[in-house]
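This report concerns a single structure, shown below. Overall dimensions are treated before surface, charge and one selected residue.

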Amino acid sequence: MRPLIGITGRRYRLELLKGSDERYGDRCTDSYMSDFASRIAQAGGLPVHLSYDTDATDVCQWLSGVVITGGQDVHPACWGGDTAVARDIDPRTDPMAHDVARDEYEIELVRAALERGTPVLGVCRGMQVLNVALGGTLIADLPPGPVSHLSAAAAPTDGTADHLVTFAQGSLAAGLFGEHALTNSWHHQAVDRCGAGLVVTGRTSDGVVESVELPGAPVLGVQWHPEWMKSADPALTWIVRAAAELLTAHRDEERQGSLR
């Protein structure tokens, strides 16, 4: 069996879609980056899109892997940041406004997956959600520096020469990417203090955190967008492989149980 990989998204009103019928413009749609689904399917997984209404604990009994995707900033109230920066805007009318419902769902999903031992991949915002779910904090706005983190390049791209990530020897990330990897980058926030158990395993030359892991668990966070790399990115094949291993282990346990 191919492993089910849950992928998170966002929710907004249909009126934001060009050409939508105004008669139901105030209704909402759930939106997902199809590049995740395409690449996960290519790697052998079965992508499943998760709405905020999909109970996190219950769905993790079915999923063999979870991907927390990119998007808007995590609300500062979730990690003890300055809430004055949060705009009083309905996120259903502005996909880049803070979305507390999304924050709460994804944090709950991360915790439920970790509790069950389900592999987790956090991408960009998703890496930050992973950190916040474990009690970590964020840098609210990176100052300008020698490395371009909020790229003007269009997706997909493999990034620019300045955005070289160096990985810690012996880490999961180093095993996937080698000592260094050139990656894309579209973020202005970053991991500050790591949450419980998380360790930093990748940084750019300016010290910005680019990958985190939870030693002893199938958990990886990357600050770039593997789904929008022109080249194949090992992070997406890793989550499928880790999910397949979990699925196989569960099936073996079921067989052993039936033989008793």
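## Overall dimensions

In this predicted model, the protein chain has a radius of gyration of 18 Å. A compact globule of 260 residues would have a value near 18 Å, so the chain agrees with that expectation. Along its principal axes, the C-alpha trace spans about 60 × 50 × 35 Å.

## Secondary structure and contacts

Six helices and 13 strands constitute the secondary structure of the protein chain. When contacts between residues at least 6 apart in sequence are considered, 70% of them join residues at least 24 apart.

## Burial and surface

Of the 260 residues in the protein chain, 47% are buried. The area exposed by the chain is about 12,300 Å², and 52% of this area is supplied by carbon and sulfur atoms.

## Charged side chains

The protein chain carries 34 negative and 21 positive side chains. The centres of these two sets are separated by 5 Å.

## Gln-42

Helix α1 covers residues 34–42 and includes Gln-42. Is this residue, Gln-42, buried or exposed? The relative accessible area of Gln-42 is 66%; because the exposed class begins over 50%, Gln-42 is classed as exposed.

A position distant in sequence serves as a reference for Gln-42: His-250 lies 208 residues away along the chain. In space, the C-alpha to C-alpha separation of Gln-42 and His-250 is 23 Å.

Note on methods: Residues numbered from 1 in each chain as written. Predicted model: local features only at pLDDT ≥ 70, side-chain atom pairs only at ≥ 80, totals over all residues. Heavy atoms only, no water. Helix = DSSP H or I, 4+ residues; strand = E, 2+ residues; numbered from the N terminus. Rg over C-alpha atoms; globule rule 2.2 N^0.38 Å. Buried < 20%, exposed > 50% of the residue type's maximum accessible area, 1.4 Å probe, protein only. Contact = heavy atoms within 4.5 Å. Areas by Shrake-Rupley, 256 points an atom, 1.4 Å probe, with all protein chains shown as cover. Lys, Arg positive; Asp, Glu negative; His and termini not counted. Charge placed at Lys NZ, Arg CZ, Asp CG, Glu CD.
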